[in-house]
Amino acid sequence: MIYLVTGGARSGKSRYAQQLALSLASNPVYVATAKVWDGDFEQRIRRHQQDRGPEWTSFEEQLQVSKLPLEGRVAVIDCVTLWLTNFFVQHKQDVDACLQGLQQEIQLLMQKQDATLIIVTNEIGMGVHAETAIGRQFTDLQGWANQYIAQQAQKVVLMVSGIPLTIK
């Protein structure tokens, strides 16, 4: 089962995903895809860690999420945007290679893992238009990745101002 939880910045995506996971399992898994880029980002990560209690098992994986032991578990993967950023850096901004890498990981997750996946992503294309060519490329990449995951997902939820709206 795949849930996709999407929305803008600070829309309540992670909180909703974590509450959903806890409603489905007493010992969910949290998969952090973030790379620590700077001090501010490190503080954001700490805040997310503090939001979770001891019932959570946490993994940090920047690219190969499909290799984690998620079999039979309920797992929150947070988030696609940061996961894509890691592919974007690794593939030197080659949008096609990044999209293919993420799609391959999603396929492997679905094939190898009998798990409930709650995937968190951002709708960055709904915000301010990127000023740079690389920013516009990443926005396109994010949109295509979201479309792909939404097609695979059984349920899609759009978060708006902390309110979940069921899309699929």
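## Exercises on rings and helices

Tryptophan 56 has a relative accessible area of 9%, so this residue is buried (under 20% relative accessible area; exposed is over 50% and partly exposed lies in between, with a 1.4 Å probe and protein chains only). Keep in mind that this is a predicted model, where local features need pLDDT of at least 70, side-chain atom pairs count only at pLDDT 80 or more, and totals for chains, interfaces and linings use all residues. Residues are numbered from 1 along each chain as its sequence is written, and side-chain values use heavy atoms, leaving out hydrogens and water.

**Exercise 1.** Work out which kind of aromatic pair tyrosine 30 and tryptophan 56 form.

*Solution.* Start with the cut-offs: rings of Phe, Tyr and Trp (its six-membered ring) pair if their centres lie within 6.5 Å, and planes under 30 degrees apart are stacked, over 60 edge-to-face, the rest tilted. Here the centres are 6.3 Å apart and the planes sit at 80 degrees, so the pair is edge-to-face. Next, check tyrosine 30: at 4% relative accessibility, tyrosine 30 counts as buried.

**Exercise 2.** Now classify the pair of tryptophan 83 and phenylalanine 87.

*Solution.* Take the distance: 6.4 Å centre to centre. Then take the angle: 40 degrees between the planes, which makes a tilted pair. Finally, look at burial: tryptophan 83 and phenylalanine 87 are both buried.
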